[in-house]
Amino acid sequence: MSNRLLAELPAPDLDLLEPELETFALEQDAVLLRAGDDIEYVVFPHSGAIALMIDMADGHTVATAAVGREGAVGMLSVLGPSPSTTTAIVRAAGTASRIPASRFYSAFGRSPAIRRMVQTHVRAMLVQFQLGLACNALHPVEARMARWLLQLRDCVDHDALPLTQQALSQMLGVRRTTVTLVMRNLRTRGAIRSDRRGLIEIDRAGLAAAACECHNAMRLEVEEIFATNSTHLPEIKSRDAI
């Protein structure tokens, strides 16, 4: 299992999920889940990157988190049936496994290890949400774009990101003209190179110099969460525990 959450499950607990797991392709720009839809599947990426987006009533959007092989989409369905609050869009193609949310909920109720896995995921996502909120409020667009590009690079683990300016505009919640200006600045600094096919080639060191401290803080905190022995965490006892 390339997905870190699944890979850390003991074999007997993974066996509760594996018969129901279906591997499928994450198609570039595919919408896996729309805000307001019921969560039908829990999706565990093995490669690629998924952006969780907030859709505003006036048509504006902004990304709240990036999910790669360290996470999952739809896992909070264990708290009970409720519409999704975010839209999940594939921003870099890859592969994933999915399991019906009802089946995952059943395994969740039977396995302390799966409950601890959910806690690990929730803690990691809260890091993104909290630091991302502060970043959006306090840091300039150039630093935020650099941070997002580094986050997506962490998900795909290579320096060529299949992103258009329109996709970046939607993720950052800014006009496309703003994205054009910021990309020009990053190119001048040698942090990125882009071509006409919608690929952005990044220089990791240069981009890190342009980014705010949020990317490094997120990465270190998430790694610490995974490094902590999850067996030491208390179990979730009810839907009110998160």
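What follows is a short chat about the sheets, helices and pockets of this structure.

Reader: What kind of model is this, and how are residues numbered?

Author: This is a predicted model, where local features need pLDDT of at least 70, side-chain atom pairs count only at pLDDT 80 or more, and totals for chains, interfaces and linings use all residues. Residues are numbered from 1 along each chain as its sequence is written, and side-chain values use heavy atoms, with hydrogens and water left out.

Reader: OK, sheets. What is the strand order in the one with 4 strands?

Author: The order is E2-E6-E4-E5, in an open sheet with antiparallel pairing. Strands here are DSSP E runs of at least two residues and helices are H or I runs of at least four, numbered from the N terminus. Two strands pair if DSSP finds at least two bridges between them.

Reader: Which strands stand at the edges?

Author: Strand E2 (31-33) and strand E5 (61-67) do; each has a single partner strand, so one side of each is left without a neighbour in the sheet. On average, neighbouring strands of this sheet are turned by 35° against each other, direction ignored.

Reader: And how many bridges join E2 and E6?

Author: E2 and strand E6 (residues 87-92) pair over 2 bridges, in the antiparallel sense. Leu-33 stands opposite Ala-88 in E6.

Reader: Which helices pack on that sheet?

Author: Helix H4 (residues 112-138) lies across strand E4 (49-55) and E5, at about 145° to E5. H6 touches E4, E5 and E6, and its direction makes about 95° with that of E5. Angles run from 0 to 180 degrees between N-to-C directions, and axes are lines fitted to C-alpha atoms, for helices over the stretch in contact. Contact means heavy atoms within 4.5 Å.

Reader: What about the sheet of 3 strands?

Author: That open sheet has the order E1-E7-E3, again with antiparallel pairing. Strand E1 (22-26) and strand E3 (41-45) stand at its edges with a single partner strand each, so one side of each has no neighbour in the sheet. The twist averages 35° from one strand to the next. E1 pairs with strand E7 (residues 94-100) over 5 bridges, and Ala-25 has Thr-95 as its bridge partner in E7. Helix H3 (residues 101-110) lies across E3 and E7, running at about 70° to E7.

Reader: Back to helices. At what angle do H5 and H6 pack?

Author: Helix H5 (residues 141-156) and helix H6 (residues 165-172) pack at about 110°, with their axes 11 Å apart. That makes H5 roughly perpendicular to H6, a label for angles of 65 to 115 degrees.

Reader: Which residues make the contact?

Author: On H5 they are Val-141, Arg-144, Met-145, Trp-148, Leu-149 and Leu-152, and on H6 they are Leu-168, Met-171 and Leu-172. By class there are 8 nonpolar, no polar and 1 charged. Ala, Val, Leu, Ile, Met, Phe, Trp, Tyr, Cys and Pro count as nonpolar, Asp, Glu, Lys and Arg as charged, and the others, Gly among them, as polar.

Reader: Now pockets. Which residues lie nearest the centre of the largest pocket?

Author: Arg-4, Glu-70, Asp-154, Cys-155 and Glu-223 do, out of 24 lining residues. The lining has 7 nonpolar, 8 polar and 9 charged residues. H4, H5 and helix H9 (214-227) each supply at least two residues of it. A pocket is an open set of points on a 1 Å grid over the protein atoms alone, where a 1.4 Å probe fits, with protein on both sides within 12 Å along at least five of seven lines; lining residues have an atom within 4 Å of a point.

Reader: Which helix gives the most to the lining of the second largest pocket?

Author: H4 does, with 5 residues. The lining of the second largest pocket has 14 nonpolar, 8 polar and no charged residues.

Key: Parallel < 35°, antiparallel > 145°, perpendicular 65-115°, else oblique.
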